[in-house]
Every structure is written in C-alpha cells, then in structure tokens.
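Good morning, and thank you for coming. Please look at the sequence and the structure as I show them.

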Amino acid sequence: MFRRLHLVLTIVLAIVEQPQDVGLLAYVATLPEYQIQGLAKITVNRMAEDTYHMARQFGGTLRGLFGEVNDPDKVSADEDSFDPRKRLAMYIRWGYQVVPIDYVQPALGPGQQKFEGLKLLNIPHPGTGDYAGPKAIAAFIDGIYRELGTDPDTSPDVARMYAQLSELA
C-alpha cells in the first residue's frame, strides 16, 4: 500500500470583495522550520496574481489589494506567533506600504469585538505595480465592514478612517 504525504509549507487565504473590486490577503502562515527561506513571498505573490485573475473573472480590475498585520506598537511578540516587528519589516521589504490611518478591524462575528491592534497594508497591484489610492482603500473598508455585519455608514471608526483618508488625497 502506498501512502501519499502532502506537506503544506505555506498557506495564504485571499478574498475578493464585490462590488468593491478589492482584495484581502487574509492569512499567511509558514511552518516555523521553513521560515526565512522565501517560501511565503513566493506563495503570497502567486496568491496576489490569482486574486487579480479572480477579480477579472468577476468583471473587475482589482482596484486594490490589502493585508492586515499586527501593529508592533500594540501587539507584543509574546502575543503573536511571529514577532510583529519582524513581520511588518518583512512586508515592507516586499514592497508593501502601511496605510497611514488608525485602522480598526470590525468584529469578525456576533459576540466578538472590533480590533484596534492592526495596521492596514497596501499591496502593489500584481498587474501594474501601482498602489491603491484613497478611494479604493475606502472601498475596502466599506466592503469588509458590510461583509462582517457592521454598518459603515453609522460606524464612528469608519468615519474616522475616512477622514484620515481624505487628508491623504
């Protein structure tokens, strides 16, 4: 009898929000013994390309691609599986930009709390290399809040983020 071993070294989850035409690389994890070898970057870049193609299948162009990362000023290394300072530095080396707003992730489900310990990352478009502008960033925020059941039109957190985005324009 033959047995097959499937070893997953890195996993990435991507989401395309419609009709906003934006994407989120929601989860990246690499087995510790395979970290610092470039596997995550290869996998994330491939997933970014796949997200772009997925958006095109929905008739979009992928106006923006984003990531969320623990803010190292708010989340310690002891509270995370990978040191937030190292993770953020890694993403910046990869060319991601921190969106300069006080990002608040909405509650992920009923009975859960919003989370203010994240930074929002702007990932270069896999087709053009361009970064999303304030309108696409606002569309992402609108979409994630709506998808997770929080009305962005009445959220003071969203109002504050939109105000900060308007200063970037």
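I shall begin with the whole protein and then turn to one helix.

This is a predicted model, in which local features need pLDDT of at least 70, side-chain atom pairs count only at pLDDT 80 or more, and totals for chains, interfaces and linings use all residues. Residues are numbered from 1 along each chain as its sequence is written, and side-chain values use heavy atoms, with hydrogens and water left out.

The protein contains 4 helices and 5 strands, where helices (H or I, at least four residues) and strands (E, at least two) are DSSP runs numbered from the N terminus. Along the sequence, their order is β-β-α-β-α-β-β-α-α. Of the 169 residues, 42% count as buried; buried means under 20% relative accessible area and exposed over 50%, with partly exposed in between (1.4 Å probe, protein chains only).

Let us now consider helix α4. Helix α4 covers residues 156–168, 13 in number, and spans 19 Å from its first C-alpha to its last, close to the 18 Å expected at 1.5 Å a residue. That expected span is 1.5 Å times one less than the number of residues.

Which residues of α4 are buried? They are D157, V158, M161, Q164 and L165. These residues lie on the same side of α4, because they cover an arc of only 125° around the axis, the arc being that of the directions from the helix axis to the C-beta atoms. The buried residues of α4 pack against α3 (134–147). On the other side of α4, P156, S166 and E167 are exposed.

How values were computed. Contact = heavy atoms within 4.5 Å.
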